[in-house]
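Hi,

Here is the structure I promised to pass along. Have a look at it first, and then read on for my notes.

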Amino acid sequence: MNTPTRRELLASLLAAPALAQRGAASDWIPLFDGKSLNGWKSNESSSSFKVLDGAIVADGPRSHLFYTGPVKNAIFRNFELRAKVRATPGANSGIFFHTRYLEKGWPDQGFEVQVNNSHTGEGNYRENKKTASLYGVRNVYKALVPDNEWFDLRILVRGKRVEIWCNDMPVVDYVEADPPVTKSAYGHRLAEGTFALQCHDPHSKVSFRDIAVRPLADDFALTAEKPVVDDLYLDILRYGEDNLPIVDYHVHLKGGFTLDDALALSRKHDIMYGLALNVGLGFPVSNDAGALDFLATVKGKPCYAAIQGEGREWPTLLSKETMAKFDYVFTDAMTFRDDRGKRMRIWIKDEVGAIDDAQAFMETYVNRIEGVLRDEPIDIHVNPTFLPDVIAARYDELWTPSRMARVIEAAKKNDIAIEINNRYRIPSPAFLKAAKQAGVKFSFGTNNGGPHDIGRLEYSLAMVKECGLKWPDIFVPKRDGEKRVQRKAYS
């Protein structure tokens, strides 16, 4: 009898919690031999999948390649799946699980983990869901990896929980409600089934290699916090299924709210965040070096990186090249000088003081907003119709149709989105309906003061419903070369 060494005992003790957490079970088992398609079966087109240089290459007419091999008789309930993936520019593909073989068409049950770094859609349809999305259920809206490079996807299913990692970065953490509440025709229900690789169309070329599974115990039931299925939960889920990007573009890391906190809350609420750096005179960051340091901290993370310009001097503090490295730039008009040269930040009571003539104040304010939208290289106008406390109760009186029209016209002319602000519950439905009629895009944003006022985009999504907004009405960050700071007026 061999007695285990002290090192072996220590290794087994360290491994035990990890195995228990996963549900226990087996080592990694290859599903692809690197040489042939043995154990795999395509449905609509046998020519769409081939083996090249040790990888399964999806390249051809629409088809799906299903695992039909001997491992677990191709029926998996709880498992950990890993694969290395590489997508060419414009490619669209995915890895399905809990599905079944069909002779024709898309898998009619199970889930898809999206592979799409740069595919933008077909015809009038814009595809917003990017790599590592749990397609239509938990969506990622920013490309996390570049085309033409290998990256790792890992999928862990335990009981009613699905977790997805991209290059070891946690991206999705989905716990199915009881009963499940998704409406999709894809049959999004955690049950059991096989895996499938997608060849989306003749213009998509995606390679898969090192595909392996770690089966977990079928009766393993992970104890996880169940979601509270309220109306907002249903709205977030169904808008995501309908391709409307659920993104809070205006989140700050302040008041003890860390990057890790933000990413965990984002996964929990199924709301992607745009993390904004305040740049301005008197702020901790007022130059390129500080902005680039912030950018490095969020690189590769499942979030957007944004600049919030503070004051009217901010465009002079950063180079255009640095601004263009961020996903988008925004500002508000809440800091300005009146016609007598008085500088005020209109959210600070002491700086505003008394407003004896509210109508005159509004004319000056709207003039300043028009100037910001015309002259500053921004993609979003945030806190768009904010009023100082001293006149805030007169919102509907002071934001007259003609004043709203001036702001809307300036936003449309300069291709600037209008934020639907969750914290201040602005703009009003009347403003939003007029802006929608004019063809203005909208973003959602909180402008949180710390970790306790993030919310779940309650007002923003209520306005989606009340104003009949659809996915074409919602802002998505421009591609490189198309951002406002890069357009001719700012080059």
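Which residues of helix H4 (residues 288-298) are buried? Keep in mind while you look that this is a predicted model.

The buried ones are Gly-290, Ala-291, Phe-294, Leu-295 and Val-298. They sit on the same side of H4, because the arc they cover around the axis is only 140 degrees. That fits the usual helix geometry: an α-helix has 3.6 residues a turn, so residues three or four places apart point the same way. Flip to the other side of H4 and you'll find Asp-293 and Ala-296, which are exposed.

So what covers the buried residues of H4? The cover includes two helices, H3 (259-269) and H5 (320-325), along with strands S15 (272-279) and S16 (304-309).

The ends of H4 deserve a quick look too. At its start, Asn-287 has a side-chain oxygen that comes within 3.3 Å of the backbone nitrogen of Ala-289. Following H4 there is Gly-300, with a positive phi, near 80 degrees.

Now for the aromatics. The count comes to 21 aromatic pairs. One of them is Tyr-249 with Tyr-304, a tilted pair with 5.6 Å centre to centre and 35 degrees between the planes. This pair links distant parts of the chain, since Tyr-249 is in strand S14 (residues 247-251) and Tyr-304 is in strand S16, 55 residues apart. Are these two tyrosines buried or exposed? Tyr-249 counts as buried because its relative accessibility is 2%, under the 20% cut-off. Tyr-304 is buried as well, with a relative accessible area of 4%.

Tyr-249 also pairs with Phe-475, and here the arrangement is edge-to-face: 5.3 Å centre to centre, with 75 degrees between the planes. Again distant parts of the chain are linked, with Tyr-249 in strand S14 and Phe-475 in the segment after helix H12 (458-467), 226 residues apart. Phe-475 is buried, just as Tyr-249 is.

Elsewhere, ring pairs join Trp-40, Tyr-67, Phe-76, Phe-79, Phe-97, Phe-111, Tyr-174 and Phe-195 into a cluster. Try colouring those by residue type.

Last, two arginines over tryptophan rings. Arg-154 lies over the face of Trp-165, at 4.0 Å from the ring centre. Arg-209 does likewise over the face of Trp-150, at 4.1 Å from the ring centre.

Cheers

Terms used: Residues numbered from 1 in each chain as written. Predicted model: local features only at pLDDT ≥ 70, side-chain atom pairs only at ≥ 80, totals over all residues. Heavy atoms only, no water. Buried < 20%, exposed > 50% of the residue type's maximum accessible area, 1.4 Å probe, protein only. Helix = DSSP H or I, 4+ residues; strand = E, 2+ residues; numbered from the N terminus. Arc of directions from axis to C-beta. Contact = heavy atoms within 4.5 Å. Polar contact = N/O pair within 3.5 Å; in protein donor to acceptor, adjacent residues only side chain to side chain. Phe/Tyr/Trp six-rings, centres within 6.5 Å; stacked < 30°, edge-to-face > 60°. Lys NZ or Arg CZ within 6 Å of the ring centre and 35° of its normal.
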